[in-house]
Amino acid sequence: MAAPSGWRREGNLPNELTSFVGRTRLLTTLRQKLREHRLVTVTGIGGVGKSRTALRIAHMIRDEFGDGVWFADLARLQDQGMVRHTITSALGIADQSARATDETLVEWLGDREILLIIDTCEHLVDACAALFEDLLTHAPGLTILATSRQSLNARGEYTVAIPPLTVPGDAPGENPFTNESVQLFAARAGAVLPSFVLDENNIGPVSELCRRLDGIPLAIELAAVRMRALSVEQILALLADRFSLLAGASRTALPRHQTLRAAIGWSHELCEPAERLLWARLSVFAGDFEMDAARYVCAGDNLPGESIMELVSSLVEKSILLSVGTPSGHRYRLIDTLRTYGEEWLDKLGETPQVRERHRDYYLQLAKRGEEAWSGPRQVYWYVRMRHEHDNIRVALEYCLNVPGQVRYGLELLSALWFMWVACGLAREGRLYLEKTLELTPQPSSERCKALWVLSYIHSSQGNIPGAIEAAEQCSSDAVRVGDSAAVILATKMLGTAAWLQGDLQKASALLGVAIEFHRSGRELNPGLLPSIVELSMVLLMQNEPVEAEVLLRDCIAVCTQRGEVWLRSYAIYALANAFHGMGRPAESMVHAREALRLKRYFHDVLGIGLTVELIAKLALEDGQALLASQLMGGGQQNWRTYGLPQLGSPFFNSEHDRCIKECKRLLGEQVHEEAFSQGKRLSLEELIELALGDQEPDDPLLQL
């Protein structure tokens, strides 16, 4: 199964799920304004088509941006402080560095030519305005297209108001058959009822329906869905009754936001009671969700679990839910406007606390299942699955942090997801949440001990060795107080990792040896046994004992292969490549290094990719390919700086890197090396991997001087 691999030059623009109708003049205006201004905000009421229009224009002009069009949705984000990080994550930046987030994002954008679509900013206006101004100041090739119900009032912002579609009668003499609203209704009605044809018999009531719906696309689409069971005349009559209830008999007294609420409310009333209840309960989900999640979270009073699948299918048919296929299975999503409506009903029903708690419980159980299965044959599946669940994990964590008495569950959730933070490219996010949660739970407990060793692991992956030592020592101290022997051993392992990275090989050998002895039964492969073996083998290599390291690593690889473990196996194969290099067997070293890199493509494991690319660069240099080595080290260094402290801050890895750079300069000359190094820095992570694997020929800077 292929897995997301982070930043790709083409971007991450979502596919358009439905045809786009009308808006020709608006799209032309938007295209022009995006050429003239670097920050354009499209504004308008809910349901008017801001997001859909932004997506359409992005697909139209994507070829104009050399480094892709990128999309970030802020709809469910509540924490102003997480805006920058959310955008960083959407860009595929597996930000594992301990540096300030603003440095990472600005540096990554650099001089790349990118269009960034930021959807749904109205509840985070201040944070978005400040961030956009900062990014546009420091990234000259960046253009931002934002959607919001109100202007951001940011410096340099150009605002384009998205009006409703034109309705029959807006333009004197217009043919109603070519009207935008009418065409949208006809397209959506034809999708649900293939026999529907717009003709002289129904053009009158369709035109009147579009006028009553004020040309609001979402309202029109909700009405069109009813063509399965009702005629246009029946839809019009029912909707007219609802408007009369809202606004007396005065059509002019009904503002457009009321029109939309009327259309949504009418769709709500036409749902069966069980469908309405499910709609309300589904509103606790962020982004998309699987059927199993809907069944667990929403089943209960008045909603038997066995009815959920049929009710979900019914809501999909009524266009309340969107149905989306993904690599990890079929998923469903409420669009933001309908989710908000559902949230209001959930509050009226008095069910919000208990449904949110069940949502948290589901994702806590899912995280624990992922942790338990992580070292097995479905490891890649769990990587993909948890990346898909990222938005819901955040919502569950926010619940734990903001509801009294729930913080302990937050520690459990964060700790169970150690593999997501360390192996899946989300180290910074994991660290931020862990630090915040640990501050709220100062009393020693087994949950706190686990969170501390996970935090230590993250600090090590970021190259923050003092932070890793502090967290591990605190874990060990607390674990002794609460009698948690397993946490003591894992704290010992983390202290061994820190000692290895510091170059204290004797201490590292002793501490990692203790961790290996404790986990020798092999019941818990990660993060205790297998990482300890790989790190101890690296200690042996640094002590010029490659044969001993090879023996350890072959046993480690055999265990990984037997269990179906891939992530740590890639590290063991990388370490074995180093052992072959130490034994003077460069060809075998290169084969194993490239095998390790191929395995790492299944995960967004930038730390491991950085280490492996450095080794391949060194081997290429020793094989006489100095030009390739310079480019690889340039690409590796750029990704190191984006994702973590270069070479993990390790004296050993830094000295190896500096030696290679010095030799490349000697062989190529300063100017040619610098040009090749700069070319490497412009590579995406995927392009860098392809170059290291030999799938891409290195550019010759001599031809460009």
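At what angle do the axes of helix 6 and helix 7 cross? I will start there, then go to the sheet, and finish with the cavities and one pocket. Please keep in mind that this is a predicted model.

Helix 6 covers residues 180-192 and helix 7 covers residues 203-212. Their axes cross at roughly 110° and come within 9 Å. Angles from 65 to 115 degrees count as roughly perpendicular, and helix 6 and helix 7 are therefore roughly perpendicular to each other. On the helix 6 side, the contact is made by Ser-181, Val-182 and Phe-185. On the helix 7 side, the residues are Ile-203, Val-206, Ser-207, Leu-209 and Cys-210. By class, this contact has 6 nonpolar residues, 2 polar and no charged.

Now the sheet. It is open, has 5 strands in the order 2-3-4-1-5, and the pairing is parallel. Strand 2, residues 69-73, and strand 5, residues 157-161, are at the edges with a single partner strand each, so one side of each has no neighbour in the sheet. From one strand to the next, the twist averages 20°.

As one example of the pairing, take strand 3, residues 114-119, and strand 4, residues 142-148. These two run parallel and are joined by 5 bridges. One bridge partner to look up is that of Ile-114, which is Leu-142 in strand 4.

What packs on this sheet? Helix 2, residues 50-61, does, and it touches strand 1 (39-43), strand 2, strand 3 and strand 4. The direction of helix 2 makes about 155° with that of strand 4. Helix 3, residues 83-90, also packs on the sheet, where it touches strand 2 and strand 3. Its direction makes about 135° with that of strand 2.

Next, the enclosed spaces. How many cavities of 30 Å³ or more does the structure hold? There are 5. The largest has a volume of about 290 Å³. Its lining has 20 residues, and the closest to the centre are Tyr-457, Trp-500, Glu-535, Tyr-571 and Leu-607. Two or more lining residues come from each of helix 21 (446-462), helix 23 (485-502), helix 25 (525-542), helix 27 (567-582) and helix 29 (606-622). By class, 15 of the lining residues are nonpolar, 3 are polar and 2 are charged.

The second largest cavity holds about 140 Å³ of space. Its lining includes Tyr-574, Asn-578, Leu-611, Glu-614, Lys-618, Phe-652, Phe-653 and His-657. Helix 27, helix 29 and helix 31 (651-668) each give two or more residues to this lining. Which of the helices gives the most? Helix 31 does, with 5 residues. The classes here are 6 nonpolar, 3 polar and 3 charged.

Last, a pocket. The second largest pocket has a volume of about 560 Å³. Of the 26 residues that line it, Glu-371, Lys-450, Trp-453, Leu-490 and Glu-524 lie nearest its centre. At least two lining residues are supplied by each of helix 15 (352-373), helix 18 (407-416), helix 21, helix 23 and helix 25. The lining of this pocket has 10 nonpolar, 6 polar and 10 charged residues.

Helix 21, helix 23 and helix 25 have now come up twice: they contribute to the lining of the largest cavity and to that of the second largest pocket. That is where I will stop.

Key. Residues numbered from 1 in each chain as written. Predicted model: local features only at pLDDT ≥ 70, side-chain atom pairs only at ≥ 80, totals over all residues. Heavy atoms only, no water. Pairing = 2+ DSSP bridges. Helix = DSSP H or I, 4+ residues; strand = E, 2+ residues; numbered from the N terminus. Axes fitted to C-alpha atoms, helices over the stretch in contact; angles between N-to-C directions. Contact = heavy atoms within 4.5 Å. 1 Å grid on protein atoms, 1.4 Å probe; cavity = no way out; pocket = protein on both sides within 12 Å on 5 of 7 lines; lining within 4 Å. Points joined across faces, edges and corners; volume = space filled by probe spheres on them. Nonpolar A, V, L, I, M, F, W, Y, C, P; charged D, E, K, R; others polar. Parallel < 35°, antiparallel > 145°, perpendicular 65-115°, else oblique.
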